[in-house]
Amino acid sequence: IRLAADAGHGTELILAQGYLYLTLALAFTGQYAEAMGAADQARQRLTAFGYRIGAAGLEAQVAHLQLLAGRPKEAIERADRGLALLGPAKSARAGGERWVSGYLHLVSGLALAELPDRDQASAKALIRAVIAKYELRDVVGTAYAVEALAWMAANRAQYERTAWLIGAADQLWN
């Protein structure tokens with residue numbers, strides 16, 4: 001961020017992406033307030049630059065941050081906002097965006113699982129995440145989404161399905 005700021009004109013997108021990645025780093029180290037400040041900086045710059053996919057990616061990060069902070073409703077709102085920025089989904093083969101949308105569906109599905117009586121909506125979001133990540137051949141993203149479905153099955157006491165899904169996720173992790 002400092003290098004991009006010092007370089008001046010022509011580095012606006014680099015500066016915006018610097019704040020995007022700073023948001024993620026701060027969130028994963030538990031510095032939630034600082035992460036939200038970095039997210040505000042990133043949002044302003046990404047919006048000014050007109051970088052729609054970057055702004056949607058930021059919403060995925062903030063949704064994840066809200067989930068880590070124990071605020072599932074806010075996480076769902078952010079994920080919905082990010083999906084709205086991406087517009088109608090297309091398959092990866094048809095040139096549609098998949099990485100960010102898969103991330104948004106994954107976080108939304110995890111957040112929905114935290115709320116009472118939202119299992120069906122959670123499963124639907126997680127399945128969309130699996131499809132998006134699979135279409136990209138994003139093995140790690142697919143593993144996360146399959147494992148999240150396994151957690152849901154375990155919560156429902158569907159132990160055979162849980163074992164099957166954990167086994168599938170394990171193969172992906174390997």
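Student: Which helix gives the most to the lining of the largest pocket?

Tutor: Happy to start there, and keep in mind that this is a predicted model. The largest pocket holds about 630 Å³ of space. Among its 29 lining residues, Leu24, Phe28, His64, Trp99 and Tyr103 are the closest to the centre. Two or more lining residues come from each of H2 (12-28), H4 (52-68), H6 (99-113) and H8 (139-155), and the top contributor, with eight residues, is H4.

Student: How do the residues of that lining divide into nonpolar, polar and charged?

Tutor: Let's take the groups in turn. The charged group has three residues and the polar group has seven. The remaining group, the nonpolar one, has 19.

Student: Where do the buried residues of H3 lie around its axis, and what arc do they fall within?

Tutor: H3 covers residues 32-49, and its buried members are Ala35, Ala38, Ala39, Ala42 and Leu46. The face turned away from them carries exposed residues, namely Ala33, Gln44, Thr47 and Ala48. Seen down the axis, the buried set lines one face of the helix, because it falls within an arc of 110°.

Student: Which helices do those buried residues of H3 pack against?

Tutor: First, a check on the helix itself: its 18 residues should span 26 Å at 1.5 Å a residue, and the end C-alpha atoms are 25 Å apart, which agrees. Just beyond H3 comes Gly50, with a positive phi near 80°. As for partners, the buried residues of H3 pack against H2 and H4.

Student: What arc do the buried residues of H5 cover?

Tutor: H5 runs over residues 72-86, and its 15 residues reach 21 Å from first C-alpha to last, close to the expected 21 Å. Its buried residues are Pro72, Ala75, Ile76, Arg78, Ala79, Gly82 and Leu86, while Lys73 and Ala84 are exposed on the other side. The buried ones sit on the same side of H5 because their arc around the axis is only 165°.

Student: Which helices do the buried residues of H5 pack against?

Tutor: Arg78 is one of the residues on that buried side. Following H5, Gly87 takes a positive phi of about 80°. The buried residues of H5 pack against H3, H4 and H6.

Student: Is Asp117 buried or exposed?

Tutor: Asp117 sits in the loop between H6 and H7 (119-136). Its phi is positive, about 60°, although it is not a glycine. The cut-off for exposed is over 50% relative accessible area. At 79%, Asp117 is therefore exposed.

Student: And is Arg137 buried or exposed?

Tutor: Arg137 belongs to the loop between H7 and H8. This residue also is not a glycine, yet has a positive phi of about 65°. With a relative accessible area of 71%, Arg137 is exposed.

Student: What is the relative accessible area of Glu97?

Tutor: Glu97 is placed in the loop between H5 and H6. Its C-alpha atom is separated by 9.7 Å from that of Gly87, 10 residues apart along the chain. Glu97 counts as partly exposed, and its relative accessible area is 22%.

Student: How far apart are the C-alpha atoms of Gly30 and Ala56?

Tutor: Gly30 lies in the loop between H2 and H3. At 41% relative accessibility, Gly30 is partly exposed. Gly30 and Ala56 are 26 residues apart along the chain, and their C-alpha atoms are separated by 22 Å.

Key:
Residues numbered from 1 in each chain as written. Predicted model: local features only at pLDDT ≥ 70, side-chain atom pairs only at ≥ 80, totals over all residues. Heavy atoms only, no water. 1 Å grid on protein atoms, 1.4 Å probe; cavity = no way out; pocket = protein on both sides within 12 Å on 5 of 7 lines; lining within 4 Å. Points joined across faces, edges and corners; volume = space filled by probe spheres on them. Helix = DSSP H or I, 4+ residues; strand = E, 2+ residues; numbered from the N terminus. Nonpolar A, V, L, I, M, F, W, Y, C, P; charged D, E, K, R; others polar. Buried < 20%, exposed > 50% of the residue type's maximum accessible area, 1.4 Å probe, protein only. Expected span 1.5 Å × (residues − 1). Arc of directions from axis to C-beta. Contact = heavy atoms within 4.5 Å.
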